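Please read the following account alongside the sequence and the coordinates. It moves from one element to the next.

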Amino acid sequence: MAVDRGRVERLTRELLEAIGEDPDRPGLKQTPARMAELYSEFFSGVGEDAAEPLARTISVTRGPAPDTLPSGAVLLRDIRFRSVCEHHLLPFAGRAHLAYLPGEQVVGLGALVRVVEILASRPQVQERLGEQIADTIAEHLDTRGVLVVLDASHGCVTMRGGRQPEASTLTIAARGEYTDPVARAELIALIGPSSGAGAQGAGFQGTGFQG
């Protein structure tokens, strides 16, 4: 479902009027159109199938070593993502780390990035986002275990309320073999201390939320 840009523009004008502003003054005249463009980008994942990027897989056994199966995890670190918190419609952004234990089939690494992008481009909460990413990978790939670690800085924490600009939130979602804390400990050690959300602070640098 595409964002209704005309409706967003009308509602943005109404919002500006509701806070006591004049939407026709020079500084705000183009704001409704800008907001329509912004929301079309931020919420492009609404109604999109997050599993679709995983439909094309790669056979590990059809190659130079046909008797070889992966013995360890595939770990993709430091995927930059941004989303919008559904509670205040403020941004949160940071890094996602994804790992899975593949069977005979693997997937292109770009497909994993796309899963994150689709699910993040909706009104979200971080706790649910990590679980949705884990479920999508676990249900649509040949995998024995999935681990998703998200580290993000939230506008509702850094810019309002307690105003803690250095605070970041870490969430972990696990499926299959990685529900065992011992099994996932090695992966968490490989991920290491996050270089993402907390270091970026309230400016959300490099994520599309520059302050």
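What follows describes a predicted model, beginning with the sheet and ending with the helix pairs.

The sheet is open and consists of five strands in the order E5-E2-E3-E6-E7, with mixed pairing. Its edges are strand E5 (123-124) and strand E7 (169-176), each of which pairs on one side only.

Starting from the E5 edge, strand E5 runs parallel to E2, and two bridges join them. In this pairing, Cys 85 has Gln 124 of E5 as its bridge partner. E2 is then joined to E3 by nine bridges, and these two strands run antiparallel. Within that ladder, Arg 80 is bridged to Arg 95 in E3. E2 and E3 form a hairpin with five residues between the strands, where Leu 89 adopts a positive phi near 55 degrees. In general, side chains in a regular strand alternate between the two faces of the sheet.

At the other edge, strand E6 (residues 143-154) and E7 run antiparallel and are joined by eight bridges. Here Ala 152 stands opposite Thr 169 of E7.

One helix can be placed directly against this sheet. Helix H6 (residues 181-191) lies across four strands, namely strand E2 (74-85), strand E3 (91-102), E6 and E7. Relative to E2, helix H6 runs at about 75 degrees.

Next come two pairs of helices. How do helix H1 (residues 5-18) and helix H2 (residues 31-42) cross? Their axes come within 8 Å and cross at roughly 130 degrees. H1 and H2 are therefore oblique to each other, since an angle counts as roughly antiparallel only over 145 degrees and as roughly perpendicular only from 65 to 115. The crossing of this pair is right-handed. On the H1 side, the contact is made by Arg 5, Val 8, Glu 9, Thr 12, Arg 13 and Leu 16. H2 contributes Thr 31, Pro 32, Ala 33, Met 35, Ala 36, Glu 37, Tyr 39 and Ser 40. By type, the residues of the contact of H1 with H2 are seven nonpolar, three polar and four charged.

Arg 13, one of the H1 residues in that contact, also forms a salt bridge. Side chains of opposite charge can pair when their charged atoms come close. The side chain of Arg 13 meets that of Asp 24 at 3.0 Å, N to O. This pair links distant parts of the chain, with Arg 13 in helix H1 and Asp 24 in the loop between H1 and H2, 11 residues apart. The structure holds 11 salt bridges.

The other pair consists of helix H3 (residues 109-120) and helix H4 (residues 126-140), which pack at an angle of about 140 degrees with their axes 10 Å apart. H3 and H4 are therefore oblique to each other, and their crossing is right-handed. From H3, the residues in the contact are Leu 112, Val 115, Val 116, Leu 119 and Ala 120. They meet Leu 129, Gln 132, Ile 133, Thr 136 and Ile 137 in H4. What types of residue make up the contact of H3 with H4? Eight are nonpolar and two polar, with no charged residue. The contact of H1 with H2, by comparison, includes four charged residues.

Note on methods. Residues are numbered from 1 along each chain as its sequence is written. This is a predicted model: local features need pLDDT of at least 70, side-chain atom pairs count only at pLDDT 80 or more; totals for chains, interfaces and linings use all residues. Side-chain values use heavy atoms; hydrogens and water are left out. Axes are lines fitted to C-alpha atoms, for helices over the stretch in contact, and angles run from 0 to 180 degrees between N-to-C directions. Angles under 35 degrees count as roughly parallel, over 145 as roughly antiparallel, 65 to 115 as roughly perpendicular and the rest as oblique. A crossing is left-handed if the near helix is turned anticlockwise from the far one by less than a right angle, and right-handed if clockwise. Contact means heavy atoms within 4.5 Å. Ala, Val, Leu, Ile, Met, Phe, Trp, Tyr, Cys and Pro count as nonpolar, Asp, Glu, Lys and Arg as charged, and the others, Gly among them, as polar. Two strands pair if DSSP finds at least two bridges between them. A salt bridge is a side-chain nitrogen of Lys or Arg within 4 Å of a carboxyl oxygen of Asp or Glu.
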